[in-house]
Structures are given as structure tokens and as C-alpha cells.
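Open your viewer, load the model and keep the selection box handy. We will go stop by stop, with something to pick at each one.

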Amino acid sequence: MSANTRPPEGAAPSGDTGPGTSGTLFPEAAVSFGGGSPAEGGAMTPPGGGDGPDGGEARWAGPGPGDGDGAVTGAGVAARGRSAAGTCGTGGGGAGSGARGGGPEDRELLGRVFLARVFEPGDETGGRWVQERGAPEVVRRLREGGRALPGVSEKRWAGLCARAGRADPGRDLAVARSAGARFVVPGTAEWPGQLDDLGDARPLGLWVRGGPSLRMWALRSVAVVGARACTEYGAHMAATLAAGLAERGWVVVSGGAYGIDGAAHRGALGAGGATAAVLACGVDRPYPPGHTALITRIAEQGLVVGELPPGDHPTPSRFILRNRVIAALTRGTVVVEAAHRSGSLVTARAARRLGRHVMGVPGPATSALSAGVHEMLRGDAVLVGDAAEVVELVGAMGELPPERRGPVLPTDLLESRTRQVLAGLPGRGTATAGEVALRAQTTQDDAVARLYELRALGYVERHGDGWKLTRQAMISVRGGRSPC
């Protein structure tokens with residue numbers, strides 16, 4: 001059967017003995033992929049050109065679980081065009097690669113799309129099955145609904161099989177395509193390798209909206225997270241940090257939420273820099289609703305990323321599990337305001353476990369919203385106050401912040417013995433040269449010589465036999481003293 005011939009509805013291609021014997025859920029020639037990575041215009045091309053009456057919508061064909069063949073027909077899994085503009089590419093097939101329809105890569109991709117509907121994010125048992133058996137084999141076992149795979153109870157296995165009965169990868173890809181999203185899977189050119197540090201909890205794949213390469217952006221990225229109910233100080237610090245990082249060429253990653261997340265995204269966008277939002281829901285439905293315009297702008301200028309399939313809604317547990325992706329994706333995590341039970345601390349703890357840099361921005365000692373950050377700083381987190389200090393940790397060797405020091409006063413330029421003579425003059429009234437010499441621990445002749453030098457510089461003036469400070473000297477000397 002040629003790669004451009006649609007098999008009869010419900011029938012498996014020649015040579016396929018069905019999932020019960022061959023383990024091949026996605027028969028050869030079922031889906032045809034165009035060449036090229038997302039950045040180069042690679043798209044999944046439907047058999048026959050995708051101009052049929054079904055409008056190019058992918059369908060999961062074949063009988064239900066246990067009934068024999070379950071073929072995936074790819075009549076328009078994604079439209080023609082550039083994946084960078086929003087088509088559902090394979091996540092990087094290489095320039096001009098043109099993987100043959102129904103090949104192992106195609107079956108793996110569709111299997112992972114299927115399983116993203118079945119498993120919750122961070123499901124280590126499901127992740128281990130996929131690592132050991134491959135996505136197509138796990139899909140086959142779930143659709144058959146037979147004996148449970150190891151590691152789960154019969155009750156949970158029944159629940160997974162029930163969810164598998166509703167999964168439709170073709171529909172998910174079509175919805176993602178209409179939202180301008182693509183599905184990036186491990187092993188492809190766009191997959192960020194640092195996510196593999198999550199082990200069995202690694203995402204099955206990531207839905208991505210936006211043109212840039214996720215892998216390239218993740219190589220130089222920093223997470224900026226914090227409280228939703230932040231203070232003005234926290235919002236200011238997050239926006240300033242994000243703007244400074246963006247100006248230095250770093251990608252700012254956050255969760256798109258209210259408070260610190262939103263301030264970080266806006267700071268990066270306002271500086272004309274790059275930012276990515278990792279959502280705890282489908283990338284086609286911005287959450288929270290009040291940030292719809294912001295997340296849409298991020299998708300246009302940066303990246304919106306999520307594990308959950310199109311249309312899925314967020315839950316408290318999904319927010320927590322989402323944080324591990326933020327931690328793994330970036331070089332380090334900066335927490336700006338977080339209470340003791342803040343979800344941002346989950347991101348920091350995940351970053352610490354993964355060997356990433358963990359940083360905190362201090363707040364007032366009396367602020368409950370900074371209590372979690374202060375607890376981090378008492379541990380092994382590093383205190384940072386601006387973007388330069390963040391880059392010193394996460395950047396390359398030699399990217400050091402400027403030396404920090406107070407202002408230089410005019411009296412700092414005087415020779416040390418001359419400063420001693422100047423300090424020997426009283427704050428009010430006059431003093432003789434002998435009195436000044438006594439206070440400066442020098443001879444009277446040396447004191448007189450230095451007093452005349454100071455008079456030439458405008459620091460002192462002579463009144464008969466006495467000397468006194470000028471107004472200029474009073475201002476300069478007081479400027480260098482602590483008010484306490």
C-alpha cells in the first residue's frame with residue numbers, strides 16, 4: 001500500500017496482524033510526515049493532500065479495545081505550512097528528513113499524544129512503562145483492557161483503561177493545530193534534553209505555542225516565580241529582575257499566574273526580551289482568564305508551553321506538578337516573595353533536587369509573604385538583588401556583577417595624613433594649629449602646612465590665630481558619616 005493511499009475504514013493495512021499479535025497500533029502508511037523541523041516549515045501532511053471533505057481532520061479509526069486492529073488515519077493531522085507559525089509539527093524531524101508515514105517515530109508521536117490524555121502529569125508509573133515498552137505498546141495494552149501492567153492496582157488499571165477509551169490523538173492534534181500549537185516529544189530536535197533529568201516523571205511531550213525553538217530557548221533560561229497575592233515591592237522586583245535578565249539575553253520562564261508570574265512576564269516583554277509561560281492546563285485555553293491577553297501576547301512574542309492536552313483544565317495538583325517542568329527547564333529558579341506554604345517553594349525544592357541554582361529575593365523581616373524566601377536563604381539558597389547577581393550564578397564563567405561600593409566623596413581623594421588634620425578641626429568654632437596638631441597626632445609645623453593646603457582646596461579658613469571648617473567641608477565631611 002502506498003504512503004498516499006487511505007486504507008478502508010476499519011481495516012488494517014496488509015501485513016498487520018492487529019495489536020494483539022504484532023504490537024503495532026499505528027500501521028505503516030497510516031500517517032505521512034513532511035520533512036523539516038518546526039523552525040524550517042516541517043508539517044505533518046495528510047495522505048492525498050488533505051483536501052478531502054473532512055477538512056483535513058485526523059481520525060482514530062478501527063474497532064474499539066480488544067476488537068482487533070486500531071489504525072490511525074492521518075487525514076490532516078496537521079495542515080500544510082510552517083510549524084513555526086503554529087502548525088502541529090513533529091517537534092523536529094531534521095531538515096528535509098521526510099519520515100515515512102506509519103514509521104516508528106510517527107507511532108511513538110501519536111502514542112504519546114494518546115497517553116497524554118490517559119496519564120496525569122508526572123505519573124512515574126506510566127512514565128516507566130513508556131520508557132521500558134514504548135508508547136505504542138502501552139497504548140495497545142490500555143486499549144485491549146486486559147491484564148494490568150505492573151505497578152498499579154486493578155482498580156487504577158480499570159480507570160486508566162476507561163480514560164484510554166476516550167482518548168483521540170487525531171482530534172487533539174487537530175485542535176492544537178487550530179490553536180497554533182505543536183507537540184514536541186523526547187528524542188526530537190526541539191526537545192530540551194534537561195527535562196530528561198526528571199527520569200520517569202519526565203513529560204510524555206509538551207504542547208508548544210509560538211515560533212521559537214523550545215530547546216534553544218531553554219538553554220539560556222531562568223525561572224522567576226513567587227506569590228500570587230504579591231506586594232508592590234514584590235511586583236517591582238520581579239519586573240525589574242525579568243527586564244534585566246531579558247536585556248542580557250536570557251529567557252524568563254514563569255507560570256503565567258497573577259502576581260509575581262505576571263510581573264515577570266511583563267517585565268521581560270516590556271524590555272523587548274524573551275519569555276515563556278508554562279501552564280497547568282491546555283495551551284489553547286489561557287488560565288487565569290484575567291491573563292488571556294497577556295498569555296496571547298506571550299504566544300505571539302515568545303512561547304506558551306504545557307503538558308496537558310488541548311482543552312484540559314487546571315487543578316491544584318496540576319499546578320504543583322507543573323512546577324517541576326519549570327524547575328527542570330531552566331538553569332536556575334529565583335523566588336520573589338513566597339509564604340511558608342507557597343507553591344513557588346515547590347519549584348525551588350524541585351530545582352534543588354535537580355541540581356539547579358536556587359535564588360531568593362529578600363523582603364522585610366516582618367513580611368509573611370517573604371517568610372518562605374527567608375527560610376530558603378537560611379538554607380542553601382543564594383540571596384540576589386538584581387539581574388547581574390542572577391547571571392553571575394547561572395551564566396558562563398566570568399559573567400560577574402560590578403563591584404558594589406558607596407559613593408566617592410571629595411575628602412576620599414585627600415592624602416590620609418591630610419584627612420587626619422581635617423578631622424582634627426571642631427565641628428563648630430575655631431581651633432589653633434597646636435590644638436589641631438594634638439588631635440591629629442602630628443607636629444604643629446606639619447599641621448600648619450596641611451591646614452594651608454586644605455585652605456587652598458576650600459576646606460578650611462583662617463580667623464586670626466584660629467582655623468575653622470568652611471561650609472563646603474561641613475557638607476563633605478557629614479556626607480561621609482552615618483546618621484546613626
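Start by selecting helix α15 (residues 433-440) along with its neighbours: the buried residues of α15 pack against α14 (416-423), β14 (431-432), α16 (444-456) and β16 (466-469). Buried here means under 20% relative accessible area, exposed over 50% and partly exposed in between, with a 1.4 Å probe and protein chains only. Packing, touching and covering all rest on contact, that is, heavy atoms within 4.5 Å. Helices (H or I, at least four residues) and strands (E, at least two) are DSSP runs, numbered from the N terminus.

Before moving on, two notes on provenance. This is a predicted model, in which local features need pLDDT of at least 70 and side-chain atom pairs count only at pLDDT 80 or more, while totals for chains, interfaces and linings use all residues. Residues are numbered from 1 along each chain as its sequence is written, and side-chain values use heavy atoms, with hydrogens and water left out.

Still on α15, highlight Ala433, Val436, Ala437 and Ala440, which are buried. They lie on the same side of α15 because they cover an arc of only 100° around the axis; the arc is that of the directions from the helix axis to the C-beta atoms. Turn to the other side of α15 and you find Leu438 and Arg439 exposed. Just after the helix comes glutamine 441, with a positive phi near 55°.

Next, select helix α9 (residues 292-301), where Leu294, Ile295, Ile298 and Ala299 are the buried residues. Looking down the axis of α9, these buried residues fall within an arc of 140°, so they line one face of the helix. An α-helix has 3.6 residues a turn, so residues three or four places apart point the same way. The face of α9 turned away from the buried side carries exposed Ala293 and Glu300. Add β6 (206-209), α8, β9 and β10 (303-306) to see some of what covers the buried residues of α9.

From that cover, pick helix α8 (residues 260-270) and zoom to alanine 263. Is alanine 263 buried or exposed? Alanine 263 is buried, at a relative accessible area of 10%. Leaving aside residues up to four places away in sequence, alanine 263 touches Ala235, Ala238 and Ala239. Try a distance label too: the C-alpha atoms of alanine 263 and cysteine 230 are 9.8 Å apart, with their positions 33 residues apart along the chain.

Now show the strands. An open sheet of 9 strands runs in the order β5-β6-β10-β9-β8-β7-β11-β12-β13, with mixed pairing; two strands pair if DSSP finds at least two bridges between them. At the edges are β5 (181-184) and β13 (382-383), each pairing on one side only. Inside the sheet, strand β7 (residues 221-226) runs parallel to strand β8 (residues 251-254), joined by 3 bridges. To see one partnership, select alanine 223 and valine 253 in β8. Helix α10 packs on the sheet, touching β7, β8, β9 (275-279) and β11 (332-336), and its direction makes about 150° with that of β9. Helix α12 (residues 371-378) also packs on the sheet, touching β11, β12 (357-361) and β13, at about 130° to the direction of β12. These angles run from 0 to 180 degrees between N-to-C directions, using lines fitted to C-alpha atoms, for helices over the stretch in contact.

Go back to edge strand β5, which joins β6 through 4 bridges in an antiparallel run. One pair to display is phenylalanine 183 with tryptophan 207 in β6. Both faces of β5 are covered, with Ala181 and Phe183 buried on one side and Arg182 and Val184 buried on the other. Arginine 182 has a relative accessible area of 1%, and a polar contact of 2.6 Å joins its side chain to that of glutamate 190. A polar contact is a pair of N or O atoms within 3.5 Å; within protein, one must be able to donate a hydrogen and the other to accept it, and residues adjacent in sequence count only if both atoms are side-chain atoms.

For the last stop, zoom out: the protein chain has 17 helices and 16 strands, and 53% of its 484 residues count as buried.
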